[in-house]
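Visitor: I would like to understand how the labels given to parts of a structure are justified. Could you take me through the reasoning step by step?

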Amino acid sequence: MSKFQLKNFFKAAYDLMLVFLQFFIISLHFFQWQSLTQKQIIQASPFSYFLGILIIIIAFIIMLVSIKDLGRNLSPFPRPTKNSNLVITGIYRFTRHPMYYSLIFISIGVFIIKLSIYNLFLTISLALIIKLKIVLEEKYLMNKFKNYLLYKNEVKV
């Protein structure tokens with residue numbers, strides 16, 4: 001295996017690892033592990049439940065809109081697909097990564113509903129993984145699309 005092939009292998013493995021960790025952390029939101037104490041930070045209230053549900057609903061709607069706007073460019077991987085286009089219309093006029101931010105806000109909503117240390121840990125972990133994924137994805141997008149830097153400077157978030 002040449003150096004070039006080895007480098008590409010590790011890049012692909014890193015991409016795959018980020019996607020796997022993202023989906024794994026998201027799935028952990030739906031499991032209650034008996035061995036882990038679900039110690040609450042503070043007592044959940046009807047207000048925190050309502051607020052959490054509201055955040056989840058809004059984030060889910062934003063996610064659906066971003067999926068619609070991405071269309072055939074949608075991929076769970078940070079590397080753009082071969083025949084992809086740079087999407088700068090729709091919700092992407094206002095934010096560069098609405099789907100990723102939606103996932104983080106859904107996680108925040110679950111945390112607010114449960115107010116547990118476990119869910120706080122999951123939310124922070126997911127945010128870190130998504131941050132790494134965004135940094136990597138933006139490198140790929142700058143290499144593939146010459147106008148990405150202009151878009152990045154115009155759309156800050």
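Visitor: What share of the contacts in the chain with a separation of 6 or more comes from residues 24 or more positions apart?

Guide: This is a predicted model, and in it residues 24 or more positions apart account for 79% of the contacts in the chain that have a separation of 6 or more. The chain has 5 helices and 0 strands, and its C-alpha trace spans about 55 × 40 × 25 Å along the principal axes.

Visitor: Why is the pair of F9 and F10 called edge-to-face?

Guide: Two aromatic rings pair if their centres lie within 6.5 Å, and planes over 60 degrees apart count as edge-to-face. The ring centres of F9 and F10 are 5.5 Å apart and their planes stand at 70°, so both conditions are met and the pair is edge-to-face. By this rule the count comes to 3 aromatic pairs.

Visitor: What makes the pair of F20 and F24 stacked?

Guide: Here the cut-off for the planes is under 30 degrees. F20 and F24 have 15° between their planes and lie 5.9 Å centre to centre, and the pair is accordingly stacked. Because these two residues are 4 residues apart in helix α1, which covers residues 3-28, F20 and F24 are separated by about one helical turn.

Visitor: Why is F20 called exposed, and why is F24 called partly exposed?

Guide: Exposed means over 50% relative accessible area, buried means under 20%, and partly exposed is in between. F20 has a relative accessible area of 53%, so F20 is exposed, whereas F24, with 39%, is partly exposed. The labels for the edge-to-face pair follow from these cut-offs as well: F10, at 51%, counts as exposed, while F9, at 47%, is partly exposed.

Visitor: How do you know that L6 counts as partly exposed?

Guide: L6, which is found in helix α1, has 37% relative accessibility and therefore counts as partly exposed, given that this label lies between under 20% and over 50%. The C-alpha atoms of L6 and P98, 92 residues apart along the chain, are separated by 33 Å.

Visitor: What makes I117 suitable for a nonpolar surface patch?

Guide: A patch residue needs over 30% relative accessible area and no salt bridge. I117 has a relative accessible area of 48% and is partly exposed, so the area condition is met. Together with I41, I42, L120, I124 and L128, I117 makes a nonpolar surface patch of about 550 Å². I117 lies in helix α4, residues 117-144.

Conventions: Residues numbered from 1 in each chain as written. Predicted model: local features only at pLDDT ≥ 70, side-chain atom pairs only at ≥ 80, totals over all residues. Heavy atoms only, no water. Phe/Tyr/Trp six-rings, centres within 6.5 Å; stacked < 30°, edge-to-face > 60°. Buried < 20%, exposed > 50% of the residue type's maximum accessible area, 1.4 Å probe, protein only. Patch = residues over 30% accessible without salt bridge, like charges linked within 9 Å, V, L, I, M, F, W, Y side chains within 5 Å. Areas by Shrake-Rupley, 256 points an atom, 1.4 Å probe, with all protein chains shown as cover. Salt bridge = Lys/Arg side-chain N within 4 Å of Asp/Glu carboxyl O. Contact = heavy atoms within 4.5 Å.
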